[in-house]
Amino acid sequence: MKRASLAVVLGAATALAASLPAGAKTLVYCSEGSPENFYPAVNTTGTSFDAGSQIYSNIVNFARGTTDVVPDLAEKWDVSEDGKTYTFHLRKGVKWHSNKIFKPTRDFNADDVIFSFERQWKENNPFFRVTSSNHTYFNDMGLPKLLASLDKVDDYTVRFTLTGPEAPFLADLAMPFAAIQSKEYADAMMKAGTPDKLDQEPIGTGPFYLLQYQKDAIVRYRAFPQYYAGKAALDDLVFAITPDASVRWAKLQKGECHVMPYPNPADVDAMRKDGNVQVLEQPGLNIGYLAYNTKKKPFDDVRVRKALNMAINKKAIIDAVYLSTGVAAKNPIPPTLWSYNDAVKDDPYDPDAAKKLLAEAGLGSGFAMDLWAMPVQRPYNPNARRIAELMQADLAKIGVKAEIKSYEWGEYRKRIQDGEHQTAMFGWTGDNGDPDNFLHTLLGCAAAEKGGGNAAKWCDKTYDDLVTKAKTITDKAERTKLYEQAQVVFKEQAPWFTIAHAVQLKPVRKEVVDFKLSPFGRHTFYGVSLK
């Protein structure tokens, strides 16, 4: 982090501290980056999800620290015997936040649920293109084809009718993209000619409301006194935006922040020895990988993809970059997720065999390629640039000249979704604890279209049929068999070089009470307090 940027952050934090009420409980979270906006449905990063999740509620949610689906804005729900109809009975008396430009005149109701989904689903909705028309999650999960209708039964009852049964549907509705926004606020902003304010200056029904956002410096929230589940124990919540992991650690040591994400692996031993800090730890529900763009030559040839897989020394990468914080990945889902196929054999590190495969593919003299590396630290990849350099050196040994490229993080993701890359490092942290969230969302044919999240742009009918069928079956054993088969196809076709599953580590000051690790890597502060 540049000194000027750090000064901005510390200056904003100092000004904030001076403005807080005496005795207020204020938790400072050293966030790794700025949110793109406060509309989760067009974002794909935990950075933006964390910023929005403090503000919004869903109709269902995950119990804190678990993958169990529990009621949220819906008190209860009914599912038809054929698994195609979900009827949600909504809470009454749920209040909306207000801000400087809007004061709500009514409570949350069914109109808000209908609006929040239709703005992602129906192109004629006036908000479909506001902020972005690329509703990545909604599209990649196949929801445009899955939803047959969404109806308001009455002010506090909504009914989703599906074209077929969808096993992970309830868990999907607990994900950030399904956050509920205010239709009344949306209509008011559209009438005022400022529709973008819905997503940039949001209101929600969640435990905290937005007070201030200064890009690259600070996001400030305050507890919402009328939150339906009871006011948060914290009075104020601050995201001090601190991109540099070393600076985050220095601020945690000094007590300038209470929680930090994504520590440098090299700092973890010192963190564990610090008497003021506890390091929360659990296996990560994530995957870091190098995607081959299978739409571009020579990566449309599986022999080339397999050759590169065998040329890269995975163990050396994990030893040098992840240290004790990662385990080698062979499948596109982590070993902690049900249906993981441990019988799959990873591609061996074998440069000689790699050279032979390249020769078979007509590339015995090697070739030149681009190797994209993320510009930021992510939960699944602590240092993409260093990994790219190690890959570059390994590939040179088989005659492949890799040029490392990178872009600003938002631009990087957009270019990958549009398929501009040849190869690119990317990754994923699970959203709902269902294998579908990895195997279909990241590798299905629907997500391989331009703008989709399938970074390999890989569409294999055998694979796609397996993961699509698995979505329609409720029997977990049957779904497991299909997902195990899909992992075999994935490994045979090698659209990715699977790198590692990172351990989730969260250094937290010891005065923080009841902060829980989310299996999805999210940061939730309702239910947290300070001594």
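Phe299 has a relative accessibility of 0%, and because that value is under 20%, this residue counts as buried. The model in front of you is a predicted one, and Phe299 is a useful place from which to begin reading its aromatic side chains.

A pair of aromatic rings is described by the distance of the centres and the angle of the planes. Across the whole structure there are 31 aromatic pairs, and one of them joins Tyr292 to Phe299 in a stacked arrangement, with 6.1 Å from centre to centre and 5° between the planes. Tyr292, like Phe299, is buried.

Phe299 also takes part in an aromatic pair with Phe367, and here the arrangement is edge-to-face, with the centres 6.0 Å apart and 70° between the planes. Where along the chain do Phe299 and Phe367 lie? Phe299 belongs to the loop between strand 12 (286–292) and helix 11 (302–311), whereas Phe367 is found in strand 14 (residues 367–372), so that the pair, whose members are 68 residues apart, links distant parts of the chain. Phe367 has a relative accessible area of 13%, and because this is under 20%, Phe367 is buried.

Elsewhere in the model, aromatic residues come together as a group: Trp77, Tyr86, Phe88, Phe117, Phe160 and Phe169 form one aromatic cluster.

Aromatic rings can also be followed through the charged side chains placed over them. Arg413 lies over the face of Trp409, at a distance of 4.9 Å from the ring centre, while Arg415 has its charged end over the ring of Tyr407, 4.2 Å from the centre of that ring.

Technical notes. Residues numbered from 1 in each chain as written. Predicted model: local features only at pLDDT ≥ 70, side-chain atom pairs only at ≥ 80, totals over all residues. Heavy atoms only, no water. Phe/Tyr/Trp six-rings, centres within 6.5 Å; stacked < 30°, edge-to-face > 60°. Buried < 20%, exposed > 50% of the residue type's maximum accessible area, 1.4 Å probe, protein only. Helix = DSSP H or I, 4+ residues; strand = E, 2+ residues; numbered from the N terminus. Lys NZ or Arg CZ within 6 Å of the ring centre and 35° of its normal.
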